[in-house]
Amino acid sequence: MTATPSTRPSHFIHEIIDEDLRTNRNGAGTQVATRFPPEPNGYLHIGHAKSICLNFGTARKYNGRCHLRMDDTNPTKEEQEYIDSIKQDVRWLGFDWGAHEYHASDYFEQLYQWALLFIKAGKAYVCDLTPEEVSKSRGSLTSPGKESPFRGRSVAENLDLFERMHKGEFPDGSHTLRAKIDMAHPNLNLRDPVMYRILHADHPRTGGKWCIYPMYDYAHGQSDWLEGITHSICTLEFEDHKPLYDWYIDQIASFGAAPPGIAYRPRQYEFARLNVTHMMMSKRKLLQLVQDKAVRGWDDPRMPTIAGIRRRGFTPESLRDFADRIGVAKRENTIEIELLEHCLREDLNKRAPRAMAVLRPLKVVIENYPQGQIEELDAVNNPEDPSAGTRKVPFGREIYIEQEDFAQVPPPKYFRLSPGKEVRLRWGYLITCTGVTKDPATGAIQELRCTYDPATRGGNAPDGRKVKATIHWVAAAQAVDAQVRLYDHLFTKDDPNDVPEGADWRSNINPKSLEVLTGCKVEPSLAAPTHANSASSRWTDGIARYQFERQGYFCVDAESTSDRLVFNRTVTLRDTWAKLAAKSD
RNA sequence: UGGCCCGUAGUUCAACUGGUAGAACGCCUGACUCUGGAUCAGGAGGUUCCAGGUUCGAGCCCUGGCGGGCCAGCCA
């Protein structure tokens, strides 16, 4: 192989590759080749992102290549919609398979020809057992299976039957082609595994051409081989399949039917899949959430799907960073969601322009501010990035502040606004609360009366007096209405599957995972797509992201329009006050 | 009474292949601050699953236990 590792291996798979390179295991000059092989039966989730980063990242590191291969051997579950979403998601993550887009279905003819060789070599037979009978005769974990009564059929009979399966003469489930291995093998995968089953179903790519389809085990290794994959990286549950993966390849080699031009064979390595606290990683259960309408779709921002995470506002950069940090190993693991959020905040903090948005507005009238006067105040777009520049924000006599930034009776250590107290308006003036207007009927606070100190424009008092709190605000006259969607974990428990005996996993769904806020007041720059803040070139996917000061990171939702702004809260800011407040409860 | 894989801080990974355990996240203190953000400084936290063995020396090697995961689809 050509490339040499530039850094020390970061995990056992790279150690293996380094060793392979050192020993020229696959022949000098052979390029490292990996593949990402999703089955298009659902949307990709963050667990797949780990695999994508591993496979494409490995190819990148070793100056090799990574193929995108749809593992489309079961037309009853696979759909074009999923194929399209998978490609979009991989690209969004920042990876490029170039011309190397393949499908297991590309190899159906070759696989079929090889199957004939297995039959001719007496290594495969057509079995007429029903699925129930096969299951029964397979034996158990601790006892051997029984041989199929059809195991002894002649080559000629097998050839004839398989050909008739191929031609569509038999109904689904009536026959299978099975490998003849060992019904007493301690590894159940080797007890005469099914190679082909009959499925009269249209395939997204091959249409009605086939009615027999290869099983995963019979297709995967050979697909790797045909593509010249050197390192076939998969998850732990396939460990038991490796002997079969190797067996098929070894047999074909012994038939003298190896793919032409490939002097080496692929090898499978397994790593532990990703789990994240509060996240459901079962594709089947995610499908159920979508079908049950427990979420709005595969791209619901609460979903752990890449589409959902993207819509939520996560950046591909932060996901790649996350993938780097969690490592690759063979032990079962569950990553705390806090690490993911840390990676996200670290990226967003550096890149997201700041803006002011009041989520739960409380009107403030500044009594000594001239009626009708409007000022344009200078606001820094990103204190972490001087190159982001500044913008003007309008200020007037009436503004909105956050309801929770005022307390009639301040709790201990509360240093925001309360009667008689002074706070700083971000980029604006110091104001002091002089009165509260309440609804005479309910006693609810309606608005605040305040005075401002004209000498504190920009936020500094000439007399040097200290003001502990700075709060965000939006001028009432120029405020733009927006809808803001707040998200929380979709599952209340760390482990969504952790339910009492007999209970359903759905009982762990967080009933408060979505809160929709309407009538939010945001600064006018957020409505102007040309404003420096929305500089979409800042983001590789063109999704505008902001930090709403003191609250968190938000992005413009896909449903947002110029006259109906919608924002998603991607993640909150770290909030030590909230933590303190929660503790004192 | 099966086969395969895995056991190192709360979590996820390291430990230059046998030389006396370290990082990140999380947690706790403090400093600073026009975001109760960010940043900075410090701290707590380990019987390396257990027991034997080999060795001058074991997280690493050997043996035996214990614990966990996966496997009995014509799913992948």
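Which residue of β3 is the bridge partner of Arg69? In this predicted model, the partner turns out to be Tyr102. That little link belongs to the pairing of β2 (residues 65-70) with β3, which runs in the parallel sense and covers three bridges.

Zooming out a bit, β2 and β3 sit in an open sheet of three strands, put together in the order β1-β2-β3 with parallel pairing. At the edges come β1 (33-36) and β3 (101-103), each of which pairs on one side only. The sheet isn't flat like a board, either: neighbouring strands are turned against each other by 35° on average, direction ignored. Two helices lie across these strands. Helix α2 (residues 46-61) lies across β1 and β2, and its direction makes an angle of about 160° with β1. Helix α3 (residues 80-92) lies across β1, β2 and β3, this time at about 160° to β2.

Next come the aromatic rings. Searching the whole structure turns up 28 aromatic pairs. One of them brings together Tyr43 and Trp298, and it counts as stacked because the ring planes are at 15°, with the ring centres 5.0 Å apart. The cut-off at work here is that planes under 30 degrees apart count as stacked. What's fun about this pair is where its members come from: Tyr43 sits in the loop between β1 and α2, while Trp298 sits in the loop between α9 (283-291) and α10 (306-312). The pair therefore links distant parts of the chain, 255 residues apart, through stacked rings.

And then there's the RNA. Strand B is surrounded by 69 residues, and the closest are Arg331, Arg354, Gly458, Gln547 and Lys579. Sorted by class, the surface near RNA strand B has 28 charged, 21 nonpolar and 20 polar residues. Which parts of the RNA face the protein? Of the strand B atoms within 4 Å of the protein, 59% belong to sugar or phosphate, and bases supply the rest.

A few polar contacts show how this looks up close. In the side chain of Ser135, an N or O atom is 3.4 Å from a phosphate oxygen of RNA strand B. Asn349 has a polar side-chain atom 3.2 Å from a sugar or linking oxygen of the RNA strand. With Lys413, the backbone does the job: one of its N or O atoms lies 3.0 Å from a base nitrogen of strand B. As for the elements that give two or more residues to the surface near the RNA, they are α5 (131-137), β6 (194-198), α11 (316-326), α12 (337-351) and α13 (576-583).

Note on methods
Residues are numbered from 1 along each chain as its sequence is written. Chains are lettered from A and ligands numbered from 1 in the order in which they are written. This is a predicted model: local features need pLDDT of at least 70, side-chain atom pairs count only at pLDDT 80 or more; totals for chains, interfaces and linings use all residues. Side-chain values use heavy atoms; hydrogens and water are left out. A residue is near a molecule or strand if one of its heavy atoms lies within 4 Å of it. A polar contact is a pair of N or O atoms within 3.5 Å; within protein, one must be able to donate a hydrogen and the other to accept it, and residues adjacent in sequence count only if both atoms are side-chain atoms. Helices (H or I, at least four residues) and strands (E, at least two) are DSSP runs, numbered from the N terminus. Ala, Val, Leu, Ile, Met, Phe, Trp, Tyr, Cys and Pro count as nonpolar, Asp, Glu, Lys and Arg as charged, and the others, Gly among them, as polar. Two strands pair if DSSP finds at least two bridges between them. Axes are lines fitted to C-alpha atoms, for helices over the stretch in contact, and angles run from 0 to 180 degrees between N-to-C directions. Contact means heavy atoms within 4.5 Å. Rings of Phe, Tyr and Trp (its six-membered ring) pair if their centres lie within 6.5 Å; planes under 30 degrees apart count as stacked, over 60 as edge-to-face and the rest as tilted.
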